[in-house]
Amino acid sequence: MPATDDFTVTPYAVEGDIDYDRLLDEFGAESLTTEQKAQFPQPVHQLIRRDVFYAGRDVDAFLAAANEGKTHSIVTGRGPSGPIHIGHIIPFYFAKYLQDQTGCLVYIPLSDDEKYLLKDKSLDEIHGHTRENLLDILAVGFDPERTRIVVDTADADVVYPLAAAFAKEVTQSTVDATYGDPENIGLSFYPAVQAAHLLLPQLVEGRHPTLVPIAVDQDPHVRVCRDIAAKQRYDVSKPGALLSKFLPALEGPGKMSSSGDAASIRLSDDRETVFEKIRNHAYSGGRRSVESHREHGGDPEVDVPYQFLYYFFEKSDERVERLAREYRDGSLLSGELKEIAAASIADFLEAHQNRREELGPVADELKQYRLRESERQAARKQAGYPSTRVF
Ligand code: TYM
């Protein structure tokens, strides 16, 4: 349900000034503890160190399996409704980092069906975004041996039977209470599809801990899936979640979203565009005049270029703390901070774009990441269907 009177967080609407701690009470998730953070691979990633990924569910089981060298997996996905922006890609780079550190399996679903049902876009447009988004996800550089990418309509032989099985476990009133009244029956059904995504690694590989790194908007899907798993009709444990705050929109507080060109920095933006967007559109926590800024200092907490560096784009804690200090004491100007953030983001995007350019045609690249026939059979069998296709 929309969380409170003054803000709303669901997969389909994020509005208002989000109180991330209150959201945890509403959702029933828990802040990450110091002990849990210490169980992540060392040195702990800045997204965890700085509480961007700030909360979770059943994180311990995943960390224990990772530290004991047992099977453990991550599921993190994308709804291909448009070009990917620098907020969307954060869970993927985090998943890639964890895969490098712990050897975890990574499952990446693309919910083209969801975005067709949700947006006023043709199937053709959604397919176009799916292809483009896939190239960006492939450019992150996942290990093909340990990564599977599933597109709902292209892998319907697996996704649909599982979703149908799980849909039977979810009532319409649960859907209404969790998401608000869905706009069409497709969106009423879709939570069962995302549940299929989240349980897929266990259906393929056997019961094991799965972690789902996502921003808080996707947590309702995790809750519905956990309820399905709790019924114990299938040999799966409840997937855990690692929940992040939203990278802010350029214009200030609120989630970076893909609607409106100026609101987001896209993975395809070149250097010049990144600098232009940050210089002209990024909300500043600086003072109106240089004199006033030098005298009173700025506020990094609300400064979007600073927040970009803090969230993801500046790895060094020492540097990010120094920038905050200098901004507060007025020695670092808003324009200077903007240049620093723009340069970091542009460097990151250039490296990403170079990897993307080296890829071949999307269908060829995708082949090595698709579910093998034996894996498809295993998943169907675990969900109660004949493992081979009868028809
Ligand atoms: P989508 O495509 O809306 O978003 C992709 C991922 O990006 C996160 N996200 C953000 N993270 C940080 N800052 C932001 N401003 C920001 N905006 C979005 C989202 O939380 C998400 O993790 N239904 C999903 C796709 C999906 C999926 C899954 C995700 C399908 N199956 C299984 C996770 C696990 C969606 O529409 O995400």
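1. How much area does the protein chain expose, and what share of it do carbon and sulfur atoms supply? The exposed area is about 17,000 Å². Carbon and sulfur atoms account for 47% of that area. Keep in mind that this is a predicted model.

2. Start with the overall build. The protein chain has 18 helices and 11 strands. Its radius of gyration is 21 Å, close to the 21 Å that the globule rule gives for 391 residues, so the chain is as compact as a globular protein of that length. Along the principal axes, the C-alpha atoms fill a box of roughly 75 × 45 × 45 Å.

3. Next, the packing. Of the 391 residues in the protein chain, 55% are buried. Take the contacts between residues at least 6 apart in sequence: 75% of them join residues at least 24 apart.

4. Now the ligand. It has 25 residues around it. Those that come nearest are R78, G79, E114, H197 and D217. By class, the shell holds 11 nonpolar, 9 polar and 5 charged residues.

5. Three polar pairs deserve a look in the viewer. At G79, a backbone N or O atom lies 2.8 Å from an oxygen atom of the ligand. At E114, the partner on the protein side is a polar side-chain atom, 2.8 Å from a nitrogen atom of the ligand. At A215, a polar backbone atom is 2.9 Å from an oxygen atom of the ligand. As for cover, the ligand on its own has 700 Å² of accessible area, and the protein covers 98% of it.

6. Which elements give two or more residues to the shell around the ligand? They are α6 (112-118), α10 (185-205) and β8 (210-215). The most come from α10, which gives 4 residues.

7. One loop residue is worth a separate check: D17. It sits in the loop between β2 (13-16) and α1 (20-27). Is D17 buried or exposed? Its relative accessibility is 63%, and exposed means over 50%, so D17 counts as exposed.

8. D17 still has partners from elsewhere in the sequence. Setting aside neighbours within four places in sequence, D17 is in contact with D6 and F7. D6 is 11 residues away from D17 in sequence. In space, the two residues are 7.1 Å apart, C-alpha to C-alpha.

How values were computed
Residues numbered from 1 in each chain as written. Predicted model: local features only at pLDDT ≥ 70, side-chain atom pairs only at ≥ 80, totals over all residues. Heavy atoms only, no water. Near = heavy atom within 4 Å. Polar contact = N/O pair within 3.5 Å; in protein donor to acceptor, adjacent residues only side chain to side chain. Areas by Shrake-Rupley, 256 points an atom, 1.4 Å probe, with all protein chains shown as cover. Nonpolar A, V, L, I, M, F, W, Y, C, P; charged D, E, K, R; others polar. Rg over C-alpha atoms; globule rule 2.2 N^0.38 Å. Buried < 20%, exposed > 50% of the residue type's maximum accessible area, 1.4 Å probe, protein only. Contact = heavy atoms within 4.5 Å.
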